Amino acid sequence: MNPNEIKVFCPATIANISCGFDVLGVALDSVGDEMVIRKVDEKGIRITKLEGQDLPMQTLQNVAGVAGLAFLEASSYEGGFEIEIYKKIKAGSGIGSSAASSTGAVWAMNELLGKPFTRLELVKFAMEGERLASGVAHADNVAPALFGGFTLVRSYDPLDVVSIPSPSELCAAVIHPQIEVKTSDSRKILKTNITLADGIKQWGNVGGLVAGLFTADYDLIGRSLVDHIVEPIRSILIPGFDDVKETAIETGALGCGISGSGPSIFTFCKGEETAQKVGEAMKEVYQNIGIDYDIHVSRVNMEGIRKI
Ligand code: HSE
């Protein structure tokens, strides 16, 4: 194996998790991109291969390129890196496509240089990729991709990321209707102010969800998967959302919401068998409406990005 090269798996992620807009996220196990990163003498970052999606390869227009440049700028390393990206996550799907590329680049570079940076510092570099993708440097996808499991961005300034345990039987079923919703567009439609009444409901649910994850209280997790602020606005962009949600809950999901900025819809279930059933039931909704879909049933990825 060439010591100047590393191949990595970069997991898909569900962000927001209903009540935790821009602060909560979780890494998935069964879907993710692959990337190869190579140390080279030539300074700078070059994307030398990009397969699977039609995305820009110019360094400054590619999230991996921009995150990589943020890493290089902070590093004392004098050379550069080449990046190959093999996309398995569709861009604009709502399961952290840009986060996978941004985090994959900076995690791999850090490994190749002997880990000069902490994971929290890598989160900051990867957030620059998110800034390029959505106009806002949010960390709720990049943090779980780098830390694994569930993460809470307790604070952005200063950046403070808290790892949250995942109950062993928790499983996600995610359906991606084949329409594209750009994060930048679905952020623009949000209101910038909330009422105190909505705030009270929302932070009650965030606290409940975190408590449920810590104590493996599946019912509490389910009761807390409620979003009074963002979901009512964004769900209008997702055809069939209300039907999918109702069907998923009736079939046994603990809860259901928009994954990231959509259009993917996520559910959490107790056990893989229930998650498979819920996935099948959600499929039927889109079959009836006549919209194509991808489905992912996945356990929580506790490790985050890994070498493959
Ligand atoms: N918190 C971000 C948003 C996640 O909802 O806009 C995007 O994946």
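These are my notebook entries on cores, a surface patch and a few single residues in a predicted model.

Setup. I number residues from 1 along each chain as its sequence is written, and I leave hydrogens and water out, with side-chain values using heavy atoms. As the model is predicted, I require pLDDT of at least 70 for local features and 80 or more for side-chain atom pairs, while totals for chains, interfaces and linings use all residues.

Entry 1, cores. I looked up the largest nonpolar core (a set of buried Ala, Val, Leu, Ile, Met, Phe, Trp, Tyr and Cys residues joined through side-chain atoms within 4.5 Å; buried is under 20% relative accessible area, exposed over 50%, partly exposed in between, with a 1.4 Å probe and protein chains only). This core has 67 residues, and Ile17, Ile83 and Phe268 touch the most other members. Helix H2 (residues 97–112) gives the most to this core, 8 residues; helices here are DSSP runs of H or I with at least four residues, strands are E runs with at least two, and both are numbered from the N terminus. The core lies between domain 1 (5–165) and domain 2 (170–299), because both give residues to it; the domain bounds come from an automatic or database assignment. I also noted a second, separate core of 18 residues, with Ile238, Phe241, Ile258 and Ala275 among them.

Entry 2, Ile83. I listed contacts (heavy atoms within 4.5 Å), not counting residues up to four places away in sequence, and Ile83 touches residues including Met35, Ile37, Ile47, Ala64, Ala105 and Met109.

Entry 3, Met282. I found Met282 in helix H10 (residues 272–289), buried at 0% relative accessibility. Beyond four places in sequence, Met282 is in contact with Ala173, Val174, Ile175, Val244, Ala248, Thr267 and Ile295. Its C-alpha is 42 Å from that of Leu112, 170 residues away along the chain.

Entry 4, two loop residues. Asn62 sits in the loop between strand S3 (44–51) and helix H1 (63–74). I count Asn62 as buried because its relative accessible area is 4%. Outside four places in sequence, Asn62 touches Ile47, Leu50, Pro56, Ile85 and Leu132. Val23 is in the loop between strand S1 (5–15) and strand S2 (24–40). With the same sequence exclusion, Val23 touches Asp140, Thr151, Leu152, Val153 and Tyr156. From Val23 to Ala143 I have 9.4 Å, C-alpha to C-alpha, at 120 residues apart in sequence.

Entry 5, Leu196. I place Leu196 in helix H6 (residues 196–215), and at 61% relative accessibility Leu196 counts as exposed.
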